[in-house]
Protein chains: 2
Amino acid sequence: MTATDAQRGPVTTEPTPPTSPVASELLAAPVAGTFSRSRALRPTGKVLPEHARTHNRALVLQTLYSAGPQSRADVARETGLTRVTISDLVAALIAEGLVIELGQREDARPGKPATLIDVDRGAFHIIGVDLSEHEVFRGAVVGLDGQIIERDEIARDAATGEAAVLLVDRLVERLLARTSTPVLGIGIGSPGVVDPLGVVRSAPNLGWSDVALQERLAERFALPVHVANDANVGVLAEHGSSHHDDLLLIKIGHGVGAGLIIGGRPVVGGGFAAGEIGHVVVGTDGGPRCACGKAGCLETWLAVPRLTARLAAAGAQGEAAASARDDILREAGRRLGIVLAPVVGALNLSEVVLSGPAELLDGPLHEATVDTLRKRTMAEFNRDLRLRMSEQAEDIVLRGAAVMVLSGQLGVS
Amino acid sequence: MTATDAQRGPVTTEPTPPTSPVASELLAAPVAGTFSRSRALRPTGKVLPEHARTHNRALVLQTLYSAGPQSRADVARETGLTRVTISDLVAALIAEGLVIELGQREDARPGKPATLIDVDRGAFHIIGVDLSEHEVFRGAVVGLDGQIIERDEIARDAATGEAAVLLVDRLVERLLARTSTPVLGIGIGSPGVVDPLGVVRSAPNLGWSDVALQERLAERFALPVHVANDANVGVLAEHGSSHHDDLLLIKIGHGVGAGLIIGGRPVVGGGFAAGEIGHVVVGTDGGPRCACGKAGCLETWLAVPRLTARLAAAGAQGEAAASARDDILREAGRRLGIVLAPVVGALNLSEVVLSGPAELLDGPLHEATVDTLRKRTMAEFNRDLRLRMSEQAEDIVLRGAAVMVLSGQLGVS
DNA sequence: CACGTTTGTTAGTAAACCTTACGAACAAAC
DNA sequence: GTTTGTTCGTAAGGTTTACTAACAAACGTG
C-alpha cells in the first residue's frame, strides 16, 4: 500500500466489494439504500453465503454507527447474531481500520468488564459536493458522523458544459487538499436527471447532457464516486433524522424538485427522473407562464426567484403590503398542497419535509400547505402525516452526499 | 400426514418457513413481493446461510415457473448457480412435491440427453376471493399458472359486519369443496384499509373495522391466508403481464382505488392506506358533492355509479346525446389525468393501468387521460409513459389474489 | 468407431454461522 | 476473605451451503 492509498482510500482496496452486483443490492440495499436501480422480479440473482457475510458485516457497522460505543456482546444482542460471530466480524472490521477498541467500560456492573468498540469515526472523511445552487458550487469535507469539517466553494460564473465539469474537478481537488485523513469517497448532488451509473443525463442549467461525472471523477481521483440528483441526495440527509421509512422531500430553490424514499429505499423512477415535479401543472385555473412553455407549473408558484420577485412587488412597508406578502406566500403554499395531495394520498405518506429559505417557507406558506393537504385528502388515512421544515438547512445536499457515500461504501446510514 | 393435509396443504407443512421474518423479507421480497411491510434502515435483521438457501430455492422455482420445462443445467446457467447446487435444490423441491421430472428432452443435440423438470403446475390450487364488488362476493379456484378453474359467487345482499365475514367463510368453504387438489393457500382482495397482518382496519362499505380476516380464516381452514386491499391485489395480477418494475393500477368500480408497485415492490404506505386516492380533490374549480363531505373528490368524477348515472341523464338517442356522453367521459378522463399528473411526475412512472368497465374507460376517457397527462407533466421525463387498459378484465382481483399466495408461499410470481 | 459435447452425480473443500464449553474478571452476599 | 452468580470474549467442534474437480453416461459427428 502506498502512502497515497493510505491517505486517500480505506485500508482495504474495496471496503464492500460486491461479488455480484445484484446480490449486493439484495443484501445491502435494505440497510443502505443507494440510488442503484433496485432490480426486482424477473432477473434476481443468486445469493451466496459470502453475501450474507457482507450483509452482516454492514449490519454490525450500522449498529455501531447509530448506537455508538458498546461491547461486542451488546452488538450480538442487538443484531441477533452470536457473540462468537460478532467477535469474528469485528475482528475483520478492526483489521480493515473501520472499527476501534476504546478500552474497558467504566460503569460498575457484575461480570467481566466489557471492551467497548465503535466505528472509528475519525478514520475517514468524505467529500460532499452540492451543484444545485445557481451561482456557486459548494463543497465540504464531511466527517463520518455528518459534521462539516471544512467548507469550500467556487463561483460558477454561469459556466456550463465542460467548463462546469472542470470547476467541479477543481473544487474536489481543493477539498481533498484540505484533509490529511483518508477519504472514503466523493458524493455529488447535481441538478437534473442522473442515472444510477452517475451519468448526468440532462441538466439544462449546467448545459449538461450525458456527462459521465462519476466515471470522470473516479478516474481522476482514484476514489469511489457517487452522483445523484440533488433532491434525491437531500432526502438521504433528511432520512437520517427521521424514523420513517417513507419520506418526501420538497426542495425549493432556483427550481423545485423532490426526493423520495419509500419503504426505506430511494425511488429513482423508470427514466431516473423521479422527483421532477417542478413542471407539473397545478390546479385547473391557469397560472403564470413557465419557461417550459406551459402555464401554472409548480415552479411558477414556488421557485424562490418567482416568490421573491412577487414579494418585492407587493412592497415592503405598511400593513397592506404585509398582508399582500402573506397572501402571496399562502397562495404558494396552497399550490404546493394541491400538487402534494394526490402524491400523499397515493403513497399514504407519513412525512413530508420542506427544504429551502426558511424566511419564505416556514410561515404562511407552510401553514397553507398543511391546510390544503388536510382539505384535499382523506383525513382518516393521512391522520399522522407530518409536514415539517428540514433540519439540515443549507447543508442538506452536502450532508446527503456524505450519507450517500456512507451508504454506498459501508452500507451504513 | 393425514389425508386432509395431503388434500389441502402442500406436502411440507410450511413450504417457505421464514426462520426470521425480517431476513425472509430481505431475501424473498425482491423475488416475491407480498404486502408485508418492508422493514428498512434501522432494525434490519441478520442473514444466515440458510436464508440464502431459501432465496436460491425461490429463485429456482421462479426460473422454472416463468421459463417452463427445462433441464437442471439450463436452470444452472440461468441462475448462475452451479449444476451441483441446482441438483441439490431441485431434489429438495421434488421431495416437497413442488417440482416434477418430465422425462428426457426430445430434440436431437450432442451430449447426454437432458431430463426436463418443471414446477408441478397441477400440484396445487389456490383459492382467490374478490370482495370488492358491491353486490356480490366472487371467488375462484385458480391454477398455479393463474388460470381460473372453478368459479363461484355469493350474493352479498347488503350484508355487513359479522354477517359479511360469514359469507366469506361460506364462499371459501364452497370453493374448497370444488377441488380435490391440495390447496396452496387462500388469497383475498378486500376493499378498505388492510394491514400486513391481514386485519381489515376499515372497510366502510362492509361495515368492517379491525376485522382479523386472515387470522379467522387461517384458523378455520388450516391454510395459509393472505389478505390485502383489492387494488393492491389487482396490481399484482397486472405486474405479471408487465415487464416494468414500476406500475400504478387505477381500479374504477363502485369506488376508485389504486395499487402501486415501485421498484418491484408493492407499496403499503405508513398507515397501510396506500392507493386510497378516491377522496383526493381534483382541480381548483369545485365539483360534485361527495359522500365524504368534500366536493370534487376523484370518485365523484370517476366512480362507475356516478358515470353511468350521468351518461343516462345525457340520453341514449341522437347525435347530441352521443356528443354529450363523449364530453362526460372526456371530462372524467381529464379529471383522472389531473390527479395522476403529480403522481406520475413524482414517481417518474413508466406504466399506468386502468381497470374497470371497458365500455366506460376504453375510449374518450382513456384518450382524455393520456392527453391531460401529457399536457400537465414534463414530456421529456415521461416520454415512455404508457397508459393502458388492464388485460385481466373482471378477474383481476381473483388472479391477483392467486399471485399474492404464490408470492407469499413460494416466492414466485 | 473414436472423439467431442452435454448432463447429472459423486467427492472433497471452503466459508459462514451455530452450539457448547471455558477462562477471566467483576459484584454481591455471606 | 470466600463463595456465588454474572458477564465477556474466545476456542473447539459441528452443520449448512455452495463451490471446484472429476467422472460416467449418453448422445451426435466425422
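**Reading a DNA contact surface and a set of cysteines**

Trainee: Which residues come nearest to DNA strand D?

Mentor: In this predicted model, 29 residues lie around DNA strand D, and Gly111(A), Thr115(A), Arg53(B), Asn56(B) and Thr85(B) come nearest. Of the atoms of DNA strand D that come within 4 Å of the protein, 66% belong to sugar and phosphate.

Trainee: Which backbone atoms of the protein should I look at beside the bases and phosphates of DNA strand D?

Mentor: Begin with the phosphate: one of its oxygens is 3.1 Å from a polar backbone atom of Ala73(A). Two contacts then involve bases. A base oxygen of DNA strand D lies 3.0 Å from a backbone N or O atom of Gly111(B), and a base nitrogen is 3.1 Å from a polar backbone atom of Lys112(B).

Trainee: Which elements give two or more residues to this surface?

Mentor: Chain A provides helix H4 (72–79) and helix H5 (83–96), while chain B provides helix H3 (49–67) and helix H5 (83–95). The largest share, four residues, comes from H3(B). By class, the surface has eleven nonpolar, eight polar and ten charged residues.

Trainee: How many disulfides does the structure hold?

Mentor: To decide, one asks whether two cysteine sulfur atoms lie within 2.5 Å. The structure holds zero disulfides over all chains. For Cys292(A), the nearest cysteine sulfur is that of Cys297(A), 3.5 Å away.

Trainee: Why is Cys297(B) not bonded to Cys292(B)?

Mentor: The two sulfurs are 3.5 Å apart, which is too far for a bond.

Trainee: Is Cys297(B) buried or exposed?

Mentor: Cys297(B) is buried, with a relative accessible area of 0%, whereas Cys292(A) is partly exposed, at 29%.

Terms used
Residues numbered from 1 in each chain as written. Chains lettered and ligands numbered in written order. Predicted model: local features only at pLDDT ≥ 70, side-chain atom pairs only at ≥ 80, totals over all residues. Heavy atoms only, no water. Buried < 20%, exposed > 50% of the residue type's maximum accessible area, 1.4 Å probe, protein only. Near = heavy atom within 4 Å. Polar contact = N/O pair within 3.5 Å; in protein donor to acceptor, adjacent residues only side chain to side chain. Nonpolar A, V, L, I, M, F, W, Y, C, P; charged D, E, K, R; others polar.
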